[in-house]
Amino acid sequence: MLRRKNQAVVREVVTQTSVASPQTTAAPVSESKATEQRASALAASAQQNESRNAQRRIIRARLYEKMDAGKAAAMGRDSLLTQIQSVIRTICDDQRLQLSRQEELALSHEMLDEMTGIGPIQPLLADDTVNDILVNGANQVFIERFGKLELSQITFIDEEHVFNTAQRIAAAVGRRIDEASPMVDARLPDGSRVNVITYPLAIDGTTISIRKFMRRNLSLESLAEARCMSPAMALVLNKAMQARVNVIVSGGTGAGKTTLLNALSQKIGITDRIITIEDAAELQLQQEHVVRLETRPVSAEGSGKVDQRDLMRNALRMRPDRIILGEVRGGECFDMLQAMNTGHDGSLCTVHANTTRDAIQRLENMVMMASMQLPLMAIRRQIASAVHLIVQIERMRDGVRRVVSISELCGMEEEIIQMQDLFTFQVTGTNAATGLLTGEYIQHVQRPQFFTDKAHLLDA
């Protein structure tokens, strides 16, 4: 009896297995078919893109042959667009290119941007929702919108097209990009910051990284309204500018250091003589008495380089009231601390660091890069005497840039620089509807030390 039951169970299991096996066999077949369909779609898309790029290449070459560059430069934008449309229509007829009216119009605008701007990515510069434009060779253009990266539909014709665009950007500010000088920092006419790296250092093609110039000149109050900082933070920073304390803005790449530096600079008095020092000029100071200095790379002959340290030394001879150093990254840190300690109060600069305490360590390391052979204790005393506030800004995981802490330096205790947190941002959770982080700004100290030390400079 037990044997019959076991045989029945075995038969049932075998039957179930035999029934299930066709489904198991069908699953890999369906997955394989889906993979083939995706591969086929990708191949068709690549072929379509190649065909379109071939048409763009022909039209671009013929257009430059037919149009007079001198006359085009003297024409208005609307008149030039009309002429480009007419020439493209003629080229399509001569070359028997099958383009719709909409495609012709799109190509006309692209060629117009090519002649008057920086090619296919010109529309992205006009889009105020785009913060960064990242060109990775001819076929990939990523953009950052609302703190998140996304792949755009814009492409270049080929690598030569990307490289020519990079050369035009560099030439506009008197710099060059080629195999002998494959890296360059530049800026666009609107103030946007550009970095270009090309062959042989960029293996997959010329890479262009553009940090867009913000047309809106944000103030501390507008940043507080946008919840990038608290109103109490804005008030303390406003008082700090009024009291002429030395402030360092710390944060990672793309955290918003320059934006915050611009907001702080708005609180500088109109009577001060301000000197700015940058690798690529991007600060937007509103005061009347501003002198802007910019570094110069090495020339083709291997000479003529002027770095930030050279400009910093020269600025001290220019009778500055305040010095604003766009970014401290080397030996100029020593000269900046010297300036802060010798009467140039109210100076500002930025530094790359993850926390306010890390910013102090970065300053120590950069002073050592100046090869001054100073003992660590002397460097720390100089930092403690020169720097009053460190403001930490961060681009958080929800893409929003926030001031996460403001710390005040309170002198030395034995061999350690003493700091106190005036404000910090505490994350409490995530908004399920928007995906944004929720949190609160906590004020740890009601009255900063500089309120007492600089009381004679503050309004009653």
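**Exercise 1. Aromatic pairs.** Establish how many aromatic pairs the structure holds, and classify each by the angle between its ring planes.

*Solution.* The structure, which is a predicted model, holds two aromatic pairs. Begin with Phe-425 and Tyr-441, whose ring centres lie 4.8 Å apart and whose planes meet at 50°. Planes under 30 degrees apart count as stacked and those over 60 as edge-to-face, with the rest called tilted, so this pair is tilted. As for its place in the chain, Phe-425 belongs to strand β14 (residues 416–430) and Tyr-441 to strand β15 (residues 437–443), so that the pair links distant parts of the chain, 16 residues apart. Turn next to Phe-450 and Phe-451, where the ring centres are 5.0 Å apart and the planes stand at 85°, so the pair is edge-to-face.

**Exercise 2. Burial of the rings.** Decide whether Phe-425, Tyr-441, Phe-450 and Phe-451 are buried or exposed.

*Solution.* The cut-off needed here is that buried means under 20% relative accessible area. Phe-425 has a value of 12% and is therefore buried, and Tyr-441, at 15%, counts as buried too. Phe-450 has a relative accessibility of 3%, which makes it buried, and Phe-451, at 14%, is likewise counted as buried.

**Exercise 3. An open sheet.** Work out which strands stand at the edges of the six-stranded sheet, and why one side of each has no neighbour there.

*Solution.* First write down the order of the strands, which is β3-β2-β1-β6-β5-β4 in an open sheet with antiparallel pairing. The edges are then β3 (148–151) and β4 (183–187), and because each has a single partner strand, one side of each is left without a neighbour in the sheet. Neighbouring strands are turned against each other by 15° on average, direction ignored. Finally, look at one pairing in detail: strand β2 (residues 141–145) and β3 are joined in the antiparallel sense over four bridges, and Ile-143 stands opposite Glu-150 in β3.

**Exercise 4. The nonpolar cores.** Identify which residues of the largest nonpolar core touch the most other members, and which helix gives the most to this core.

*Solution.* The largest nonpolar core has 43 residues, and those touching the most other members are Met-229, Leu-260, Leu-264, Leu-389 and Ile-406. Helix α8 (residues 231–242) gives the most to this core, with six residues. To follow one member further, leave aside the neighbours of Leu-264 within four places in sequence; Leu-264 is then in contact with Leu-220, Leu-237, Met-241, Val-247, Val-249 and Leu-348. Apart from the largest core lies another, of 34 residues, including Ile-323, Met-340, Val-367 and Ile-390.

Notes
Residues are numbered from 1 along each chain as its sequence is written. This is a predicted model: local features need pLDDT of at least 70, side-chain atom pairs count only at pLDDT 80 or more; totals for chains, interfaces and linings use all residues. Side-chain values use heavy atoms; hydrogens and water are left out. Two strands pair if DSSP finds at least two bridges between them. Helices (H or I, at least four residues) and strands (E, at least two) are DSSP runs, numbered from the N terminus. Axes are lines fitted to C-alpha atoms, for helices over the stretch in contact, and angles run from 0 to 180 degrees between N-to-C directions. Rings of Phe, Tyr and Trp (its six-membered ring) pair if their centres lie within 6.5 Å; planes under 30 degrees apart count as stacked, over 60 as edge-to-face and the rest as tilted. Buried means under 20% relative accessible area, exposed over 50%, partly exposed in between (1.4 Å probe, protein chains only). A nonpolar core is a set of buried Ala, Val, Leu, Ile, Met, Phe, Trp, Tyr and Cys residues joined through side-chain atoms within 4.5 Å. Contact means heavy atoms within 4.5 Å.
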